[in-house]
Amino acid sequence: MFERAVLVHYHEIALKGRNRGRFERQLQQNLIAAVGELSTVGIERVASRLVIPVAPSLAAEMLARVSAVPGVSSASLAFVTSRDAAEMEQAAILAVREADSAARTFAIAARRSATDHAERSLEINRRLGAAVQAETGLAVNLDAPDVLCRVEVVQGEVYTYAKRVAGPGGLPVGTSGKVIALLSAGIDSPVATWRIIRRGAVAVGVHFSGRPQTDDLSERVTEEIAAVLARTGGMARLYVVPFGDLQREISLLAPPDLRILLYRRLMIRVAEAIAAEERAGALVTGESLGQVASQTLENIAAVDAAATLPVLRPLAGHDKQEIIAEARRIGTFELSTQQHTDCCTLFMPRTPETHAKVWQVEKGESDLDVDRMVSDALASLSWTDYACVSYRPPKPRPRSATL
Ligand code: ATP
Ligand code: MG
């Protein structure tokens, strides 16, 4: 049996000019963390791709883990052979069979990264093509083959692969700084957070629950969502803030129609205080323009006025159906549709303001001791940590810990 290896391909990183080395090293570090115990011999850089040798019995699991890592454009499962002609033919036959058992056509695409190999790429294509055809009976189709088998002749060995899984693309986590993601237990914010993780940021989540005015179910759901996002290697920590008493205070002292906006402004301020501790560079929310009454341009402006950091809204231009499709793909949809109490519906007025002016919300807030409320929130938060190799926790650490 031949040795196997997962080949990791990356696009965008290769374009990064002088930063390329840093991006590749970060991707390599993230992959080492993602494959964990599946790899015993480490990761090598060979001809602008990363190569991870793997025991055949662990190959499928490794392919799945690698293809979930941001920065990976695709991952392939290769046979590793010598340049011996018979070995190369055998590997091509196995690779074509493994890729798609229902295939009717195939093509071979060879490439030489090692110039000391005498046989030219076209000659390799013809020779291996003839061998695969003779053994399998499949027809050659160069334009639209069911299976494309790539053969790469590198220094010392040959990689032959046809099984290829698309990765998420994007950039390696740890190359774009840190963000604070406002994570509700809903559908949108996990998708928004994933999008920013995919662009190379480390995400630290903040969830506001209605506790003690409600149960803690939304906290459990959000923790499960964060654990799913953590599989990408980009979710570092989730802070949970019991927010019910502060909401109650707002509902007693401020105009009812502004309640939701004032909850949001307080959430933003608490998130910014955490961002200061964490040295994060931006906040992330899951709003989509006009999706619900609170997401009009006026209301977004009224909430943003409480922020000093940039507020990233990666879903601003997305339709709900697109967001749901992505939530399913990343594995958070089922969790987000579980029963839980959304704290924003606490003390909900019958007619919330949909076109608030900044001066209105500022006036509505004038009876609130906002600084004290932020301190109260910070004093009662707890957190859970997830595996993220690029994460540096804040120093000094905030006061309490759940794990
Ligand atoms: P989601 O599906 O993310 O809950 P939504 O469609 O319910 O979003 P809103 O309720 O208007 O929209 O919330 C807008 C954004 O505000 C959310 O995407 C999230 O980023 C943030 N947010 C709302 N509620 C909370 C919460 N309880 N904890 C943390 N962030 C929240
Ligand atoms: Mg929501």
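Strand β5 (residues 105–112) and strand β7 pair in parallel over 7 bridges. Strands here are DSSP E runs of at least two residues, helices are H or I runs of at least four, and both are numbered from the N terminus. Two strands pair if DSSP finds at least two bridges between them. This is a predicted model, in which local features need pLDDT of at least 70, side-chain atom pairs count only at pLDDT 80 or more, and totals for chains, interfaces and linings use all residues. Residues are numbered from 1 along each chain as its sequence is written, chains are lettered from A and ligands numbered from 1 in the order in which they are written, and side-chain values use heavy atoms, with hydrogens and water left out.

**Strand β7 and its neighbours**

- Strand β7 spans residues 147–154, and 6 of its 8 residues are buried. Buried means under 20% relative accessible area, exposed means over 50%, and partly exposed lies in between (1.4 Å probe, protein chains only).
- Toward β5, Glu-152 of β7 is the bridge partner of Arg-111.
- On β8 (residues 157–166), β7 runs antiparallel, joined by 5 bridges. Val-153 has Val-158 of β8 as its bridge partner.
- The β7 and β8 strands form a hairpin with 2 residues between them. Gly-156 in the turn has a positive phi of about 85°.

**Helix α5 and its link to α10**

- Helix α5 (residues 188–198) is mostly covered, with 9 of its 11 residues buried. Among them are Asp-188, Trp-194 and Ile-197.
- Gly-200, just after α5, takes a positive phi of about 100°.
- Lys-320 and Asp-188 meet in a salt bridge, at 2.9 Å from N to O. Lys-320 lies in helix α10 (residues 320–330) and Asp-188 in α5, so the pair ties together parts 132 residues apart in sequence.
- Asp-188 counts as buried because its relative accessibility is 10%. Lys-320, at 30%, counts as partly exposed.

**Other salt bridges**

- The whole structure holds 24 salt bridges. The criterion is a side-chain nitrogen of Lys or Arg within 4 Å of a carboxyl oxygen of Asp or Glu.
- Glu-119 pairs with Arg-127, with the closest N and O atoms 2.7 Å apart. Glu-119 is buried, at 19% relative accessible area.
- Arg-220 and Asp-216 form a salt bridge, their closest N and O atoms also lying 2.7 Å apart. Arg-220 is partly exposed at 35%, and Asp-216 is partly exposed at 29%.
- Arg-20, Glu-24 and Arg-45 are linked in a salt-bridge network.

**Aromatic rings**

- There are 3 aromatic pairs in the structure. Rings of Phe, Tyr and Trp (its six-membered ring) pair if their centres lie within 6.5 Å; planes under 30 degrees apart count as stacked, over 60 as edge-to-face and the rest as tilted.
- Phe-2 and Phe-79 form an edge-to-face pair, 6.4 Å centre to centre with 80° between the planes. Phe-2 sits in the segment before β1 (3–9) and Phe-79 in strand β4 (residues 74–81), 77 residues apart.
- Phe-2 is buried at 16% relative accessibility, and Phe-79 is buried at 2%.
- Arg-4 lies over the face of Phe-79, 3.6 Å from the ring centre. A charge sits over a ring if NZ of Lys or CZ of Arg is within 6 Å of the ring centre and within 35 degrees of the ring normal.
- The charged end of Arg-328 sits over the ring of Phe-333, 4.2 Å from its centre.
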